[in-house]
Amino acid sequence: MDGRGLPAVDGDEANLRRALELAEAAAAGGDVPIGAVLICGDLRLEAKNEKEARRDPTAHAEMLLLREAARRLDAWRLSRATMYVTKEPCVMCAGALIAARIERLVYGARDPKGGADGSAFDILRSPHTNHRLEVTAGVLEAEAAEQLQRFFRSRRARVSEKDIPSDS
């Protein structure tokens with residue numbers, strides 16, 4: 001935990017580990033490795049980033065889960081739900097979590113370039129929003145950060161290889 005949020009509780013690490021597995025599946029499909037799990041009562045949903053797969057800029061794991069949970073529960077208000085995600089949500093996802101009235105968010109790695117829980121922006125803790133959610137940050141942070149770094153190192157290496165002229 002990072003000192004800004006609440007401490008982890010039982011089950012947080014197990015749910016984040018599952019989100020990390022989903023993130024690996026996203027990476028295998030060419031998407032940024034972000035996975036998420038949403039639990040609301042007996043409902044348990046899982047998603048991974050699918051921006052590339054769907055050619056949809058809003059197909060973040062969090063957005064896909066919120067849509068599916070609202071559809072399954074026949075309600076947009078998800079006030080008893082906990083979202084587990086491998087990376088600090090972006091501005092779009094943070095806004096959607098607030099709009100959906102999510103009770104609790106647990107995430108792994110910080111996102112200094114686009115995170116909306118204080119890393120780049122502070123949407124989740126803003127006094128100007130109409131809903132406050134509990135946030136537990138930094139659960140399995142090292143593993144989540146390494147997963148993202150490995151993906152982007154690999155992507156940069158592939159791009160560099162394309163720039164090298166062949167001997168033919």
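Here are some worked exercises on the structure above.

The model is predicted, so to read it fairly, local features need pLDDT of at least 70 and side-chain atom pairs count only at pLDDT 80 or more, while totals for chains, interfaces and linings use all residues. Residues are numbered from 1 along each chain as its sequence is written, and side-chain values use heavy atoms, with hydrogens and water left out.

**Exercise 1. Helix α1**

Task: Check what span helix α1 should have, and work out where its buried residues lie.

Solution:
- Step 1. Helices (H or I, at least four residues) and strands (E, at least two) are DSSP runs, numbered from the N terminus. The expected span of a helix is 1.5 Å times one less than its number of residues.
- Step 2. Helix α1 covers residues 12-28, and its 17 residues should span 24 Å. The end C-alpha atoms are 25 Å apart, which agrees.
- Step 3. Now sort by accessibility: buried is under 20% relative accessible area, exposed is over 50%, and partly exposed is in between (1.4 Å probe, protein chains only). The buried residues of α1 are Asp-12, Asn-15, Leu-16, Ala-19, Leu-20, Leu-22, Ala-23 and Ala-26.
- Step 4. Look down the axis of α1: those buried residues fall within an arc of 165°, so they line one face of the helix. The arc is taken over the directions from the helix axis to the C-beta atoms.
- Step 5. An α-helix has 3.6 residues a turn, so residues three or four places apart point the same way.
- Step 6. On the face turned away from the buried side of α1 sit the exposed residues Ala-14 and Ala-28. Just past the helix, Gly-30 has a positive phi of about 90°.

**Exercise 2. Salt bridges of α1**

Task: Which residues do Asp-12 and Arg-17 pair with, and what do the pairs tie together?

Solution:
- Step 1. Set the cut-off: a salt bridge is a side-chain nitrogen of Lys or Arg within 4 Å of a carboxyl oxygen of Asp or Glu. Searching the whole structure gives 17 of them.
- Step 2. Asp-12 pairs with Arg-104, at 2.6 Å from N to O. Asp-12 is in helix α1 and Arg-104 in strand β4 (residues 104-109), so this pair ties together parts 92 residues apart in sequence. Both Asp-12 and Arg-104 are buried.
- Step 3. Arg-17 pairs with Glu-143, with the closest N and O atoms 3.7 Å apart. Arg-17 is in helix α1 and Glu-143 in helix α5 (residues 141-163), so here the tied parts are 126 residues apart in sequence.
- Step 4. Arg-17 is partly exposed at 41% relative accessibility, and Glu-143 is partly exposed at 36%.
- Step 5. There's also a network of salt bridges linking Arg-18, Glu-21, Arg-44 and Glu-46.

**Exercise 3. A buried acid**

Task: Where is Asp-31, and which side chain of opposite charge is nearest to it?

Solution:
- Step 1. Asp-31 sits in the loop between α1 and β1 (35-40).
- Step 2. Count Lys and Arg as positive and Asp and Glu as negative; His and the chain ends are not counted. The nearest side chain of opposite charge is Arg-155, 6.8 Å away, and the buried Asp-31 has no salt bridge.
- Step 3. Now list contacts, meaning heavy atoms within 4.5 Å. Leaving aside neighbours within four places in sequence, Asp-31 touches Ala-26, Asn-49, Glu-50, Lys-51, Glu-52, Ala-53 and Phe-151.
- Step 4. One of those contacts, Glu-50, has a salt bridge with Arg-54 (2.7 Å, N to O). Glu-50 is buried at 17% relative accessible area, whereas Arg-54 is partly exposed at 47%.

**Exercise 4. Cysteines**

Task: How many disulfides does the structure hold?

Solution:
- Step 1. A disulfide is a covalent bond between the sulfur atoms of two cysteines. The test used here is a pair of cysteine sulfur atoms within 2.5 Å.
- Step 2. For Cys-40, the closest cysteine sulfur is in Cys-93, 18 Å away and too far for a bond.
- Step 3. For Cys-90, the closest is again in Cys-93, at 3.7 Å, also too far for a bond.
- Step 4. The count is zero disulfides. Cys-40 is buried at 6% relative accessibility, and Cys-90 is buried at 17%.
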